[in-house]
Every structure is written in C-alpha cells, then in structure tokens.
Amino acid sequence: MKKFAVVAAMATAFLGSTSAYAVDLEVTHWWTSAGEAAAIAEFAELFEEQTGNNWVDSALAGSGTGANPVIISRIIGGDPMGATQMNTGRDAEELIQAGLMRDLTPIVEEMGGLDFYVDQSLLEPCMYEGGIYCLPINIHSWDWLWVSTAAYEEIGQPVPTNWDEYVASWPALQEAGILPFGLATGWPFSGVPGVLMSGLGGSDLVLAINRDKSAEAVRGPEFRKVAEALDNLRSVISPEMMVPSFGDVGNQILAGEVAGNIHGDWLAGDLQVAGGVAGEDYECLPALGLGDQLTGGGDSFYFPVLPEGTDPAVIQAQADLAKILISPEGQLNFNLVKGSMPIRTDIDLSAANPCMQKAIGMLENGLLPSGDFALSSDTQQQLQDLNTEFLDDDSITVDDYVERYASIIESAD
Amino acid sequence: MADTAVDTGRGAGNTGRRGFLRKTFLHNVPAKIAALPMMATVLVVFIGCTIWTVYYSFTNSRLLPSGDFIGFEQYERLFGTSRWNVSVWNLVTYGAMSLVFTLGFGFLLAVLMDQKIRFESAFRTIMLYPFALSFIVTGLVWQWIMNPTLGLQGTMRNLGWESFTFDWIANPRMVLFALLIAGLWQGVGFCMVLMLAGLRGVDEEIWKAARVDGIPTWRTYISVVIPMMRGVLVTAVVLIGSGIVRLYDLVVALTNGGPGISSEVPAKYVYNYMFGAGNIGQGLAAATMMLLTVLIIMVPWAYLEFGGKGRRS
Amino acid sequence: MSQTATMTGPAPDTHTKVESGPRGPRPKPFFTPQKIIIYSILVFFTLYFLFPLYVMLVTSFKTMPEIRFGNIFALPSQISFDAWVKAWTSACTGLTCEGLAPGFWNSVKITIPSTIVSIFIAAVNGYALVNWRFKGSEIFFSILIFGSFIPYQVMLYPLVMITRELGIFGTLQAVILIHTIFGMPILTLLFRNYFASLPQELFKAARVDGAGFWRIFFEIMLPMSLPIFVVALILQVTGIWNDFLFGVVFAGTQNLPMTVQLNNIVNSAQGTPEYNVNMAATVLTGLVPLIIYFVSGKLFVRGVAAGAVKG
C-alpha cells in the first residue's frame, strides 16, 4: 500500500528525524502555470515555516479536466493525498456524501466560525448534513475581458472600455494583422459563454440558468444575444492561431499580437509574472465592462479522510494547513500572487493590483453562481462538449446551439 | 485455433495408470492450483467485470457506482449526444479506411516482398519498426510533421511551393486522414508480415500449376492465392478491427480529439465521462456499446472459424 | 488464426525456413519494367516509413532558432545535444521539471516485474493446459482468448474498484497486476502451443519416474523453452513499455510511466513549445522498444506474428 504521506512520515521517523518530528503532507493541485505556481508556493512556504512539516507538492497537469480525474480516483481508490485543491462547487459532492472527506467542523469551531467569509454562499457546496467539508480559499471569476494596450496603440484607437466597443474595433484590428481574440486550445473556451451570459444577459439570466436550471430562459431573447455574440466571436477565431496554454495568450496580449481575450482572473497572475502592469500594458474589464456583478466560483481545499493507522501528526498537519489557508496572512500572500479575490476582506488589500481592486469593489454587490459552482461536473462536461463543437463547426447555427444548450440545462440536476 | 496443440497433450500425465475419475481429479490438484490465476482472470475480470459494467450501465451512477436502475436512459442520452455520435461516426469512417488501407497496403507490400527481391530483410526491418513504437510516440511524431507552421506544410512553403497545403491536423474535415496516416504508418508493416507469412504458406505446386495453365500472375493471386489465405485474412481483419475499436492513445497524442470534437473517438468518451465528468453510468453505457461493436465483429468470425470447422469434420 | 498459431511452435517455422526461396512468378532479368515498378513502390513506402524517424532525429539535434527557420528536412547545421539533455533531465511536466528520467525509471520499475510475473504465470498456464488438462481447462482457455478482444474500457472501472479493494490502487503493484491480466491470453496461447509441440516422451518418462507438477515444470519444461521465453519477453517488454492507458489509470501520480510523462511534456507544456526537446523526448521514449526490435530481429517478427491474437 502506498500511502505516500504515511510511508514518508515513517521513513523520517526511522531516520531518527531531525527537527521535532516533521511529517510530510502531500498536497495535490493543478496550478502549473507560472503565476499559479508562484501563488501555491506562498502557501507551501507558510505551512513549512509555521508547522515545521514538509509540503510535498504534487502538481497535476491538465487543469480541472485532466487533474480532477486523478484526484478523484486516488481518493476513491483508497490512496488519498493529505490535502487537495478542487474547484469550489459540486465536483466533490459525492465524495463528501460517501464520507471520504474529513469533516472540518471541529477545526472551524476552534477558529471561532467562518463569519469572516465575504460571501457566505461560497460555503454552500462545502456543507453537508451540518458538517463542513471544504474551505474555499479564493474567489475566482471568469468575468474578465483583457485587452492589450499595445494592440490599440498600433491601430491608433482608444482602448475599449466595454464589450461593444471591443467588438466594434475588430475590423480595424484585422486590417492591421492583429488577432482580435486570442485563445488557447482546450478548456479555456469553455468559460467564454458564461462570461458573455453574465455580461450581456445580466444577473437575472445567470440565476435563471445556472441556479434555477430554466430551459425557458435559455430559449428566451436574452440568451439569444449571448449565443449571437458567441457566433460572432467564433468568426474571428481560427484553430491555426490557437496557442497551447492560456498563459501564452497573456504573453500575446502583452506583445500586442492579440487584442483581447476573455479569461478568468488567474490570467492576471501570469501577466504579472511576465512583467505586465495593469492599466499600462493591459486593461481588465470586469463583467465585460457592462455589468456590476461578477459570477464567482473559485478554489477550495479538501482534506480527505486518511486511512486508519495514519500517523496522528499527519492528521494534525491537515488541520494546521486548513487554518493557514484561510488565515489573514495566507489569504493575503496567496491571493496577491494568484490574482484572485480573497475570501475575507478584513485584510489590507492596498497591495492588490488595480484589477483586483475593481473586483473587490464589485464583491459588495454579491456574487452570482458560476457554472462551475452550480452545475454538476457531468453537466459542465456536456456544455463544454457543446461549446467546443460550436466553436469549431460553423454548420451548427445559433438556433441549434440554443436548442442544445436548453436540452442540456433541462436534464441538468 | 491451433488444434494440434490440444491433441498431443491428451492423457499424457493426468491419469497415470490408475484411471479412476476421482483419482484423476485428485491427481490434478497441483495443476488446478497452478491454473488459479488463469481461472481468476477469466471469472473475475473477463466475465465478472464485463457483466458488472453492463449491469451498471443501466443505473444512474454518478461519481460512485451506487445508482438506481433506470433502464435504457443512459443509452438514450448517449445516442442523443452529439459528441458520442460524432465519435461513433469517426470510428466507423476511420475504421473502414484503416481496415481497407492496412489490408490493401499490407497485401500489396507482401506480394512485392515475395517477388524474390533483393534486400528483403532490410525492407522488412524498415516497414515493421514503427510497430515496435507506442501510439504516443507515433502520434507525437506525426503531430510535429503535420504542424502547419513549422512542419511539412511550412517547409514546402518556405522552399517556394506557396500553395502547398497539408493542414489536416487543424482541419476538421481532414483530421481523420491525419489520424489515418499515422495509424497506417504504425500498423501496415505488421499486416505485411502476417500476409507474407500467409503467402509463403501457399504451396509451390499451386504456382507451378497456374504457370502451366498460363494463368496471369495477378489472376492467380486474386482467384487462387487470396482464397487460400482466408485464415490469415480473417485473422488480420479481426486483429485490425479490434485494435480500431480500442483506438485511444493515438488520438490523445496526435489531436486530443480536436479541432473541436472532430476527431473524438468512443474510447475517449468513455474515459472522459467515467473519470473526468463523474458520470459513471454514462461512461459504462458507452463502454457497453464498444463491447457490442466487438461482439459484432467477433461473432461472425467465431462462427466462420469454429462453426465452419465443425461442419467439415 | 491457426496459421499464426502454428508459427509459434519451434519446429514448423515456415517463415524463416522458406525465406531462402520465395515463391511467386519465375525469376526474371534484373532491370525489367516490372522490377522497376516493384522497387519504386517499395522505395516509396520505405521513405514513408523512414521519414518520421529521420525528422525526429534531425529535429532533436537542432536549436530552436534553426527549427523556427522552418525546414524539417534540413540536417542540423550544428549538432546540438542540448535538447536531449533537457528532455532527459529538465523538461517540465506540470510543476516538476525533472525531464523524462523519472518516467524512464518508472517504466523500468513497471516493465521488469510485470514481464516476469506475466510470463511466469502464462508459462505455468500453458504447461497445465497441455500436460495436465483437467475438466473445464479448455473452456477457461477459450474464454481467456475471447476475453482478449474485449475493449479495455469495458473492464477499466471494475478493475479500479478491485485494485482499490485490494488496497493497491495507484501503486506499482496495481499496474503489474493489470499487465499480468491483460498479457495472459496471448502469452498463455504462446506457451500452450509451444509445450504442445514438444515431444511428449520426456514428460511421460518423468511421470513414470514419479516427478510431480512443479518438478517437471522446472526441471524439464523450462530448460526446453528458452526460445519461446525470448519471444514472450520481446512481446511483453515492448507491449508494457508502450502502454499508456493502464499507466494513466492505475500507476498513481508518483509512478507515471514514460509514455504518460512524454505526452505531458509535449501536450501540456506551458509557453513556447520546444520542438527539439519534444522530439528528443519522443526518441528517448521509443528507444527501448526500438533497441529490442533491432537487436532481436527475426525473433521480433515471430513475436508479433504470435502476438497476432493480442490485437
């Protein structure tokens, strides 16, 4: 049996361990881009500093779609890690129900509750039968339009301040040989429809579709605008121009090769690492510059139930890590690098970049539930399949798209 | 299937001199113990797991296999899903092309190799080496060759052939041909080896007789040799066919299903829904359809191979 | 199938035997139009088969600026081993940038025990099936062969559950078990046919002398079956080395085999793709089976023809 954490811990013990009994805690996550990696390193550093234990980093390639299966199958397969990141939402709900995740209630009580969470709705997916099984550690939003200052300088136009201006500038951009919309292959496109939905369709539409699963709303005029915008968007995207990863799109934006991109706020981390300065090298438009609410999901940490016979020190290390993740210090260090919003605002965020400041301002209006957050992974996968197909196959009309979207939402649970 | 093997072994050691059934039974205990792994594999994996999969494909199991029985709902959804239908269609198209070309080129090359050519061994070594490589390696090499900007297309354009186009990997209508080129590269040599063995199994007398009768070579191949190679041909079809149904690694490495969903295949759908999307019922239903496909290939073969023999004897 | 099966026996090796005298139409002078057509077709296919190997190798020795110049045919202007070093020691799969070396050693750790265990079990199976037949043994064998055609995806999830129950999911033991299971049909067929082709007198004599199941196996059968062991070895080492699916599902994140690591390096890379590193990594991953292929020569041909049933 390879309980990595345990074995490693025992090995250290046998060697007559150096410091006061340091144990290894394996942490899985899929933060592999430059900005993300720098952010998780902040947690690792705090954890090792404050507890003296070792953070065994298991980064998994392929983001949610590639890494989730590995994480889930390891937990189901009886080979759990010490802690793991997953999206805040329903991906792990069955794992919680099956009793595979550690109930964090005692730890939370020790900390005096979770009232400091800026939006209590974030905690909903973590709750099950009165227990709390995960800790959201940040708020992520897909709802950002990133635009390149350099590209607009090149064509001599002002940098757009909202989606409509941005769309209007496409012909000029194309004439100048600049790609209006940059895109990475794979999952990044799957977030775009949701952003258009909240930006163009508005809060009511998001709630009706993601929360209430209303197929009527999908067939309505508001969603149609979204589908048409998507149709418009796919006309300026060609497969040959796609790059391998979203971080590459960030570089293209800084270089002015690409005029804009819709992507989640974690792109900010990569832009920062690449030396970009918000407001100078790029502009960020939350909710496409149109709305005043962000759809939010984010990342949570889960602590799987470790098998019997696990060194109690490892179990203690889980608890210690849990506390560090949501402590003011952990929140500040991590989110400043990650480019996401912290789950608590009782900390000094003056160091946050202008994009994050905008987002924090919008948090006061409440979060809208994102697709990640409100839909099961099965439904998300279906929508992703649909979006991937729509992007690539022009023979699928807007009507087809709306109808198929509606039928997926209809059967969603 | 290798009947010779069965007969020679009969009665060799299992009865000893004492011949009672019960003694025989006891006598074979070590053999039975030794065969336990095989029995376990057959009973637990090949039979047990298959039945389990078919059974649970009728449930609404999500992340964990614990759902309720829901009849054919997973299958209804499966065939109402564009990605699955595209996957099936891709597999049928790719499979038909792959089967025809693998057999065709395999046979052609085997015939050519059988013409008393020089360097036969060198030719064979070159044709078969891709078969030693994994589909991942195969997919990645061809992904690089087919890279639109820096691969073959880019090279030809840089060399002055401006209109040269070889962007199949990025072209939804052509991407299956991209897969085919890589798949053939890997598999044709193997088919050639099988066919060559079959050709060399044909009696020299047949050729002599055909020559005496003045039958042209190509006609001898078509009307005499090919029918005589039925066994090898059927084997090749079954092998290539069951390999095609499993097609997975190559797609993952070469296109990962893209552009869009235009090179998706069933095995990938199964994997995604089982492990990625946390919908085991859906994944198992798709797996069951793959099983059904294999049965459709296998049952006629088994009938030809075994049923046919039964009639003859 | 009967044809391929016969080929696995040592004696009736039609393939190598007849090699000296191919059939076909009567010999003709060398430069006939027919010969020219034959050789042109063969050469055309040879180019098709060799082209990727050539491209892989030249690309791996180039520098990135040279690759961006855009001529995949061109030989490297200056041979650079940087890409090879990087592929082996520092290419990134996700956060870890340790190159393919860990994947290589994982593959070694998977391949060696899987090969040994699967071949041993199959040899015993074949021996029991031929010399110690018992009621139902042929039925088990038939189902075993039939089972080898069932798509892996059908048995994948239940096997995840079984390995979980055994407490070995995500470990080397799990992959070894899976390779043993799925290697069993073809290997058993191989050994069964081989043992059946051996003269039975030796076995009978040993029985008369009172030797038991295992003694005969170890003292008489094994020493005689070296050739078939080599064939089985070739088959298993290449097959297991090249596996992707079982490695991904069962090996666990710490033991991912080389094929999986390779795919991660190439297809999940961040930043500008480094094609020279990718190709060096690809060659490295293909190296073990290639070496086996070139060293084993005709035995490999026999192995794949025997492996025909594996599909």
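The legends below describe close-up views of a predicted model.

**View 1. Chain C as a whole, a chain of helices without strands.** Chain C contains 16 helices and zero strands, and 54% of its 311 residues count as buried. Among the contacts in chain C with a separation of 6 or more, 75% join residues that lie 24 or more positions apart. The model as a whole scores ipTM 0.84 and pTM 0.82.

**View 2. Confidence along chain C.** The mean pLDDT of chain C is 83, with 86% of its residues reaching 70 or more. Among the elements of this chain, helix α6 (residues 101-131) has the highest mean pLDDT, 94, whereas helix α1 (residues 2-8) has the lowest, 38. The pLDDT is below 50 over residues 1-20 of chain C, although this stretch has 48 contacts in the model beyond near neighbours in sequence. Where pLDDT is low, the predicted coordinates should not be read in detail.

**View 3. Helix α3 of chain C, with a kink at Leu50(C).** Helix α3 of chain C covers residues 33-60, and because each residue should add 1.5 Å, its 28 residues are expected to span 40 Å, which agrees with the 40 Å between its end C-alpha atoms. A kink of about 35 degrees lies at Leu50(C), shortly before the proline Pro52(C). Pro52(C) is itself one of the buried residues of α3(C), which also include Leu42(C), Phe45(C), Phe49(C), Val55(C) and Met56(C). Towards the end of the list of buried residues come Val58(C), Thr59(C) and Ser60(C).

**View 4. The contact between chain C and chain B.** This contact takes 96 residues from chain C and 97 residues from chain B. On the side of chain C that touches chain B, the largest share, twelve residues, comes from α3(C). By class, that side of chain C has 59 nonpolar, 30 polar and seven charged residues.

**View 5. The largest nonpolar core, with members in chains B and C.** This core has 185 residues, of which Met192(B), Ala286(B), Met290(B) and Ala281(C) touch the most other members. Helix α10 (residues 175-200) of chain B contributes the largest share of the core, 17 residues. Leaving aside its neighbours within four places in sequence, Met290(B) is in contact with Val245(B), Pro266(B), Ala267(B) and Val270(B) from chain B, and with Pro151(C), Gln153(C) and Val154(C) from chain C. Apart from this largest core lies another, of 118 residues, among them Phe43(A), Phe246(A), Leu254(A) and Tyr302(A).

Key
Residues are numbered from 1 along each chain as its sequence is written. Chains are lettered from A and ligands numbered from 1 in the order in which they are written. This is a predicted model: local features need pLDDT of at least 70, side-chain atom pairs count only at pLDDT 80 or more; totals for chains, interfaces and linings use all residues. Helices (H or I, at least four residues) and strands (E, at least two) are DSSP runs, numbered from the N terminus. The expected span of a helix is 1.5 Å times one less than its number of residues. The bend at a residue is the angle between axes fitted to the seven residues ending there and the seven starting there. A residue is buried if 20 or more other C-beta atoms lie within 10 Å of its own, exposed if 12 or fewer, and partly exposed in between; C-beta atoms are placed from the backbone. Two residues are in contact if their C-beta atoms, placed from the backbone, lie within 7 Å. Ala, Val, Leu, Ile, Met, Phe, Trp, Tyr, Cys and Pro count as nonpolar, Asp, Glu, Lys and Arg as charged, and the others, Gly among them, as polar. A nonpolar core is a set of buried Ala, Val, Leu, Ile, Met, Phe, Trp, Tyr and Cys residues joined through C-beta atoms within 7 Å. pLDDT is the predictor's confidence in each residue, from 0 to 100.
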